[in-house]
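Me: Could you zoom in on one part of this model for me and go through it slowly? I'm new to this, so please explain the terms as you go.

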Amino acid sequence: MPELPEVETIRRDLLPHVVGRTVAGFRLSPGASRVIRDVDPEVFARRLIGRRIDDLTRRGKYLLFRLEGAQTPVYLAVHLRMTGSLLYRPPQADPADAYVRAVIALDDGSELRYADLRKLGQMWVVESPEEAVGALGPEPLDAAFTAAKLRETLSQRRAPIKSVLLDQRAIAGLGNIYTDEALFAARIHPQRLANTLTEADVNRLHRAIRRVLNDALGNRGSSFRDYVDAAGREGTHQLRVKVFRRTGQPCYVCGTEIARIKVGGRSTHFCPHCQPAPDTRDWSSRS
Ligand SMILES: [Zn+2]
C-alpha cells in the first residue's frame, strides 16, 4: 500500500504538470462506480469540469487537488488504498494502461488516469479536505512534529507501539513498511506498549521515523507489489529496507534472523536481538 513517501513522490511528480490546468472531462470506467462510492458520475463530473487546479497538496496518504471555479474552491481528494495509482499521461500518450477506473482529462489534452486493480481506492469532491481525510494526526515530516509532541501522543496510549504508529489519528502517513523500518532503526520491539517507552526511546523513534521516510522519499518510494509513480515507474526503496519482508534473512547489524509476528493483525518484521522483547519481569512486578 502506498504510504507517505509513495504518495508524496506522486504529488511531486504531478505538481508541475497539473497546476494551472483546467479540468476538461471526467470519465468513469464501467463497473468502477465504487471508486466514487455512491455519487452519480455525472454529478461528480459536473463538480470538476471547468475548474482550474491551483494547488496539489498531501495530507497523510491523501492527495488533495484544490480546484478554483466561479464559486468557492472545491477539493478532489484521492486515496490509493492497496493497489491504486495515479498516472499522468501527456497528450497523445499510448492509451494502454491496465485497470484504469477513472480518467480526468485536462485542457491541454493530457490525462490523469486512476488505475486500481482491486478498486479499493477512493475519490471525493469536497468543499473542505477534512470531509475526505477525517481527523488525522500530525505530519511526521513537518517542523511541528517534535519529539515532545510524539512523547505526548504515545504516553496516552496503552497499545503496542506498532499499532499506535499505524493509527492515522496518532500520526499521519505511516503504513506497514515504514513502521517496521522505523522501529528497527530505533531498536524498539513492535509489541512494546507505547506508554512504556522512555524519553530516550521516543527521541530515537522520532529521529528514526523522519530518517526512514526521508530515505524512502529519496529512493522514490518502495515497490513491493503494485506501487508505481505518476509516470508508471517503480521506486527503489524496496532494495534498501532493513527488516520489512526480510523474514529469515540475517539482520544487517547483528546477523540474527529477521523474525515475523502479527501485531494487531498486521505482519510485523523485526530483529529479535536488536529490538529486545518487553521486559517480562517488569510485567510480573506490576500485577
Ligand atoms: Zn539485529
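Reply: Let's start with the metal, since its pattern can be read from the sequence: the donor residues of the zinc ion are spaced C-x2-C-x16-C-x2-C. Residues are numbered from 1 along each chain as its sequence is written. Keep in mind that this is a predicted model, where local features need pLDDT of at least 70, side-chain atom pairs count only at pLDDT 80 or more, totals for chains, interfaces and linings use all residues, and side-chain values use heavy atoms, without hydrogens or water.

The four cysteines are C251, C254, C271 and C274, and each offers its SG atom at 2.3 to 2.4 Å from the zinc ion (donors are N, O and S atoms within 2.8 Å of the metal, or 3.2 Å for Na, K and Ca). Angles between these four donor atoms run from 100 to 112 degrees, so the arrangement is tetrahedral (all angles between 85 and 135 degrees).

Now for the part I'd really zoom in on: helix α7, residues 199-218 (helices are DSSP runs of H or I, at least four residues). Helix α6, residues 176-185, has an axis that comes within 8 Å of the α7 axis, and the two cross at roughly 130 degrees (axes are lines fitted to C-alpha atoms over the stretch in contact, with angles from 0 to 180 degrees between N-to-C directions). That makes α6 oblique to α7 (not under 35, over 145 or from 65 to 115 degrees). Their crossing is right-handed (the near helix is turned clockwise from the far one by less than a right angle). On the α6 side, Y178, E181, A182, L183 and A185 make the contact, and the α7 residues include L205, I209 and V212 (contact means heavy atoms within 4.5 Å). Sorted by class, that contact has 10 nonpolar, no polar and two charged residues (Ala, Val, Leu, Ile, Met, Phe, Trp, Tyr, Cys and Pro are nonpolar, Asp, Glu, Lys and Arg charged, the others polar).

Next comes α1, residues 4-18, whose axis gets within 9 Å of α7 and crosses at roughly 40 degrees. These two are therefore oblique as well, and the crossing is right-handed. Here L4, P5, E8, T9 and R12 of α1 meet L213, A216 and L217 of α7.

Finally, α4, residues 147-155, crosses α7 at roughly 115 degrees, with axes within 9 Å. That crossing is right-handed too, and A147, L150, R151 and L154 are the α4 residues that touch α7.

How values were computed: Tetrahedral: all angles 85-135°; square planar, octahedral: opposite > 155°, others 65-115°.
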